[in-house]
Amino acid sequence: MPTILAIESSCDETAASVCEDRVILSNIIFSQKIHEHYGGVVPELASRAHLQSIIPAVDAALKQSGKILSEIDAFAFTQSPGLLGALLVGAGFAKSLALAMNKPLIGIDHMQAHVLANLIKKDGKKIPQFPFLCLTVSGGHTQIILCTDYLKMEVLGKTLDDAAGEAFDKTAKILGLPYPGGPLIDKYSKNGDTMKYKFPEPKIAGLDFSFSGLKTAFLYFIQEQKKVNSNFIEENLADICASVQSRIVSVLLNKLNKAAQQNNIKEICIAGGVSANSGLRESFAQMGEENGWNIFVPDFEYCTDNAAMIAISAYYKYQAGEFETLAAVPSARTMS
């Protein structure tokens with residue numbers, strides 16, 4: 001029953017979590033608001049904010065869990081992928097704790113952690129059985145992953161350009177919505193008509209994704225409509241958001257359905273920040289019912305970047321004896 005302290009610092013959330021025998025005892029997240037002024041994450045500002053928040057986040061996680069440092073059996077950190085400067089903050093802090101307490105150090109792949117967020121133990125919550133498929137959708141990544149064991153994953157499909165989260169944020173920016181725009185697209189779409197405007201579905205072979213063409217088509221559509229009516233966005237915001245969200249969701253789920261059929265798998269998960277999107281969750285549930293899938297979605301607090309998913313991943317690495325040395329190097333790219 002190892003007790004693990006995990007740190008997540010890959011982008012613009014500083015997070016810490018304590019996990020004991022797969023049970024999350026604490027999950028602290030400090031979000032960075034400063035990026036709202038710039039319409040996106042500024043790497044240097046993110047790194048500085050992590051430096052300011054890392055000690056308070058770890059301290060809060062320990063206090064919430066009721067544990068002290070001497071009771072921690074291993075220290076985990078996000079090793080990849082992410083903003084390199086941000087990753088270095090979490091890695092350096094975890095290394096210092098591991099060295100000071102003479103305990104094992106565990107490096108975690110952020111995208112694998114999103115997948116394993118579906119395995120976090122909680123009373124009454126079922127978890128997927130192997131093998132299962134997971135659609136991971138975030139601001140920087142979109143992947144379909146075949147998971148055959150806790151630490152055995154194969155990427156079946158990935159984005160060739162923009163990720164789904166980027167597609168949401170960039171279409172929101174075109175509409176003049178503040179950053180982060182994805183949640184606002186979701187909010188306004190609730191009162192809109194998903195069939196009002198038609199946007200193209202990319203014709204990409206296999207299980208890979210592409211959202212750059214959709215983003216460009218959306219930009220041209222808005223520009224043309226504003227030539228006719230300068231108030232087009234304001235007068236039709238809900239319908240625009242509902243229509244573009246519906247297309248992004250359909251692109252994601254059509255590929256996921258194809259992967260499920262090709263691999264004859266009924267255990268299907270979604271994960272990542274975009275899995276908090278209500279349109280995706282509703283359509284995923286509907287597709288699951290139509291296809292007889294057993295579907296799984298992490299709780300909202302485990303969808304966006306968080307340290308609980310790092311902790312649960314570290315639990316399985318601890319059991320497998322997969323530890324890092326103090327020479328471990330963070331990487332901006334995924335190591336899987």
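**Entry 1. Salt bridges**

I began with the charged pairs and found that the structure holds 10 salt bridges. The model is a predicted one, so I read every value here as computed from it.

I looked first at a pair inside one helix. The side chains of aspartate 59 and lysine 63 meet in a salt bridge, with 3.1 Å from N to O. Both residues belong to helix α1, which covers residues 43–65. They are four residues apart there, and therefore about one helical turn separates them. I checked the accessibility of each partner: aspartate 59 is partly exposed at 35%, and lysine 63 is exposed at 63%.

Next I took lysine 215, whose side chain meets that of aspartate 162 in a salt bridge of 3.5 Å, N to O. Lysine 215 is in helix α6 (residues 212–228) and aspartate 162 is in the loop between β8 and α4 (164–174), so this pair ties together parts 53 residues apart in sequence. For lysine 215 I noted a relative accessible area of 23%, which is partly exposed. Aspartate 162 has 10% and counts as buried, because the cut-off for buried is under 20%.

The third pair I looked up was arginine 247 with glutamate 201. Their closest N and O atoms are 3.2 Å apart, and the two form a salt bridge. This pair also links distant parts of the chain, as arginine 247 sits in helix α7 and glutamate 201 in the loop between α5 (182–189) and α6, 46 residues apart. I found both partners partly exposed: arginine 247 has a relative accessibility of 21%, and glutamate 201 has 27%.

I then looked for salt bridges with shared partners. Lys122, Lys125 and Asp299 are joined by such bridges into one network.

**Entry 2. The five-stranded sheet**

I traced the strand order as β8-β7-β6-β9-β10, an open sheet of five strands with mixed pairing. The edges are β8 and β10 (294–296), each of which pairs on one side only. Ignoring direction, I get an average turn of 25° between neighbouring strands of this sheet.

I followed one pairing in detail. Strands β7 and β8 run antiparallel to each other and are paired over six bridges. In this part I noted leucine 146 standing opposite glutamate 154 of β8.

Helix α7 packs on the sheet, where I found it touching β6 (132–137), β7, β8 and β9 (267–271). The direction of α7 makes about 160° with that of β6.

**Entry 3. Leucine 151**

I placed leucine 151 in the loop between β7 (142–149) and β8 (152–158). Its relative accessible area is 30%, and I list leucine 151 as partly exposed. Which residues does leucine 151 contact, leaving aside its neighbours within four places in sequence? I found Tyr316, Lys317, Ala320 and Glu322. I also took the C-alpha distance from leucine 151 to alanine 113, which is 10.0 Å for a sequence separation of 38 residues.

**Entry 4. Glutamate 234**

I went back to helix α7, which spans residues 232–263 and includes glutamate 234. Is glutamate 234 buried or exposed? I found glutamate 234 exposed, at a relative accessible area of 58%. From glutamate 234 to glycine 176 I get 10.0 Å between C-alpha atoms, with their positions 58 residues apart in sequence.

**Entry 5. Cysteines**

I searched for disulfides and the count came to zero. Cysteine 11 is in no disulfide, and the nearest cysteine sulfur to it, that of cysteine 303, is 16 Å away. Cysteine 11 counts as partly exposed, with a relative accessibility of 21%.

Why does cysteine 303 make no bond with its closest cysteine? The closest cysteine sulfur belongs to cysteine 134 and is 10 Å from that of cysteine 303, which is too far for a bond. The cut-off I applied for a disulfide is two cysteine sulfur atoms within 2.5 Å. I also noted that cysteine 303 is buried, with a relative accessible area of 0%.

How values were computed
Residues are numbered from 1 along each chain as its sequence is written. This is a predicted model: local features need pLDDT of at least 70, side-chain atom pairs count only at pLDDT 80 or more; totals for chains, interfaces and linings use all residues. Side-chain values use heavy atoms; hydrogens and water are left out. Buried means under 20% relative accessible area, exposed over 50%, partly exposed in between (1.4 Å probe, protein chains only). Helices (H or I, at least four residues) and strands (E, at least two) are DSSP runs, numbered from the N terminus. Contact means heavy atoms within 4.5 Å. Two strands pair if DSSP finds at least two bridges between them. Axes are lines fitted to C-alpha atoms, for helices over the stretch in contact, and angles run from 0 to 180 degrees between N-to-C directions. A salt bridge is a side-chain nitrogen of Lys or Arg within 4 Å of a carboxyl oxygen of Asp or Glu.
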